[in-house]
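Thanks for making the time this morning; I would like to walk you through one part of a model and the strands around it. Please have the sequence and the structure open while I talk.

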Amino acid sequence: MAESTPFFMYKDKPLVRKDNEIYYGYVSEGYFVMMRILEQPDDPDMTKFAITLVHQKKDGDMQMLNSAERVGNYNALELADIWLTNALAEQKTE
């Protein structure tokens, strides 16, 4: 989706932080990933995340599809991107 947004982007999808939660992806596409910061030590590579793939249905209900915990920003973002990419690809084939 090629939109002009003031958000940080990762692999062409927005990253939006609110307190200790980071949302990844466009909610309007039906799927997004919520990453909750569980522990934030001085070393950012040791930050612990709880990651959840969420499906927002057309009626507004949300369904949690996958969840996991990862240590490190890169590890969390890569898993989030894999889940989101796969979910969006499956949605297009339906």
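**Two hairpins and a pocket**

Let me begin with a single pair of residues: M9 stands opposite P14 in β2. Please keep in mind throughout that what we are looking at is a predicted model.

That pair leads to the first piece of the fold, where strand β1, residues 8-10, and β2 pair in the antiparallel sense over three bridges. The hairpin that these strands make has two residues between them, and K11 takes a positive phi near 50°.

On to β3, then, which covers residues 21-24 and runs antiparallel to β2, the two being joined by four bridges. Here R17 stands opposite I22 in β3. β2 and β3 also form a hairpin with two residues between them, and in that turn D19 has a positive phi of about 55°.

Now to the second largest pocket, which has a volume of about 150 Å³. Two elements, β2 (13-18) and α1 (73-93), each give two or more residues to its lining. Which of the elements gives the largest share of that lining? The answer is β2, with three residues.

If you would like to select the lining on your own screens, the residues are F8, L15, V16, R17, I22, M35, F49, N73 and L77. By class, this lining divides into seven nonpolar residues, one polar and one charged. You will notice that R17 and I22, the opposite residues I mentioned a moment ago, are both included in the lining of this pocket.

Definitions and conventions: Residues are numbered from 1 along each chain as its sequence is written. This is a predicted model: local features need pLDDT of at least 70, side-chain atom pairs count only at pLDDT 80 or more; totals for chains, interfaces and linings use all residues. Side-chain values use heavy atoms; hydrogens and water are left out. On a 1 Å grid over the protein atoms alone, a cavity is a set of points where a 1.4 Å probe fits but cannot get out, and a pocket is an open set with protein on both sides within 12 Å along at least five of seven lines; lining residues have an atom within 4 Å of a point. Grid points are joined across faces, edges and corners, and a volume is the space filled by probe spheres set on the points. Ala, Val, Leu, Ile, Met, Phe, Trp, Tyr, Cys and Pro count as nonpolar, Asp, Glu, Lys and Arg as charged, and the others, Gly among them, as polar. Two strands pair if DSSP finds at least two bridges between them.
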